[in-house]
Amino acid sequence: LSPDEDGICSGRYFSESGLVGLLEQAAELFSTGGLYETVNEVYKIVIPILEANRDFRKLTLTHSKLQKAFDNIINKVLGQKRMFGTYFRVGFYGSKFGDLDEQEFVYKEPAITKLPEISHRLEGFYGQCFGEDAVEVIKDSAPVDKRKLDPNKAYIQITFVEPYFDEYERKDRVTYFEKNFNICRFMYTTPFTMDGRPRGELSEQYKRNTILTTMHAFPYIKTRINVIQREEFILTPIEVAIEDMRKKTQELTAATNQEPPDAKMLQMVLQGSVGATVNQGPLEVAQVFLAEIPADPKLYRHHNKLRLCFKEFIMR
């Protein structure tokens, strides 16, 4: 909107009542989309205007809508998980893509979307553009070497990503909604070994954590946003073990604190964590990394961290 445009300031929306009408419409749409927390933020702007105008009829209606939104939040928290979305990182490689060549995007898909679904859809769409034989989906998440690609083909690399938060952010993002709203950083992991294999023994298993930052935060008016920054962190084998043990402890904590208690879920978590038949489970981690004091003084800190992880795991 430009104030210099003729008639723009005399439109029916360019008034106090027009603003209130648009905000009320926005609140209804947020409620329909399941974003009940944002309904409260919208009405924080509307309520002072209604109060100033002594419009008690609309205030009554507004507060009833707020009550409904808060009731929905309580019911969703006590019930099942809310369906906010699933995210995928999509990279385009090849001259056939033109300006998209070597560009990365994060796609937001419906919450139940699986990797094969989006792969099939994008492969079909670009197959219609360039020909089915000219499009190929890269199956892994390893860095792409363009020198090894066929210049006559269009390549698409699709990777599942999860929202990423720094330690200080996690303290403020407590609810499931806060962990899925206003997010612009995503992470995916790529396992590798020094000899080129993706997976190996515990003592040789490294992991690359890649953090992507998008131009805008989700949810957005578009379901695809450009990646503007990429950071990579390499985890050594003992750091990978520490991360895995922390994850197992979190899963066990969640299963034991679940309300109402779910015996089947707890049994599955226990079998997956401490079962005697589990490969690369806690027992093997302890035998590989804690059997002896590390010779390298640089590993002392990680060695102590892993011991503390085991202590916490056992206490759960």
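## A tour of salt bridges and a pocket

Start by selecting lysine 207, which is buried, with a relative accessible area of 13%. Keep in mind as you go that this is a predicted model.

With lysine 207 still highlighted, add aspartate 244 to the selection. The two form a salt bridge whose closest N and O atoms are 3.9 Å apart. Colour strand E6 and helix H6 as well: lysine 207 belongs to the strand and aspartate 244 to the helix, so this pair ties together parts 37 residues apart in sequence. Aspartate 244 counts as partly exposed, at 31% relative accessibility.

Next, pick glutamate 243. This residue also forms a salt bridge with lysine 207, and here the closest N and O atoms are 2.8 Å apart. Helix H6 (residues 237-256) holds glutamate 243 and strand E6 (residues 206-218) holds lysine 207, so the contact ties together parts that are 36 residues apart in sequence. Is glutamate 243 buried or partly exposed? Its relative accessibility of 29% puts glutamate 243 among the partly exposed residues. The buried partner is lysine 207, at 13%.

Now move to another pair: select glutamate 24 and lysine 58. Their side chains meet in a salt bridge, with an N to O distance of 3.7 Å. Show helix H1 (residues 16-32) to find glutamate 24 and helix H3 (residues 56-78) to find lysine 58; the pair therefore ties together parts that are 34 residues apart in sequence. Glutamate 24 is buried, with 17% relative accessible area, while lysine 58 is partly exposed at 34%.

For a wider view, select Arg89, Glu104, Arg208, Arg230 and Glu232 together. Salt bridges link these five residues in a network. How many salt bridges does the structure hold? There are 19 salt bridges in the structure, the pair of glutamate 24 and lysine 58 being one of them.

The last stop is a pocket. Turn to the second largest pocket, which has about 280 Å³ of space. It is lined by 14 residues, and to find its centre you can select Ala142, Thr190, Pro191, Phe192 and Pro198, the lining residues closest to that point. Then colour strand E5 (residues 183-192), which gives the largest share of this pocket's lining, three residues. Finally, try colouring the lining by residue type: six residues are nonpolar, four are polar and four are charged.

Technical notes
Residues are numbered from 1 along each chain as its sequence is written. This is a predicted model: local features need pLDDT of at least 70, side-chain atom pairs count only at pLDDT 80 or more; totals for chains, interfaces and linings use all residues. Side-chain values use heavy atoms; hydrogens and water are left out. On a 1 Å grid over the protein atoms alone, a cavity is a set of points where a 1.4 Å probe fits but cannot get out, and a pocket is an open set with protein on both sides within 12 Å along at least five of seven lines; lining residues have an atom within 4 Å of a point. Grid points are joined across faces, edges and corners, and a volume is the space filled by probe spheres set on the points. Helices (H or I, at least four residues) and strands (E, at least two) are DSSP runs, numbered from the N terminus. Ala, Val, Leu, Ile, Met, Phe, Trp, Tyr, Cys and Pro count as nonpolar, Asp, Glu, Lys and Arg as charged, and the others, Gly among them, as polar. A salt bridge is a side-chain nitrogen of Lys or Arg within 4 Å of a carboxyl oxygen of Asp or Glu. Buried means under 20% relative accessible area, exposed over 50%, partly exposed in between (1.4 Å probe, protein chains only).
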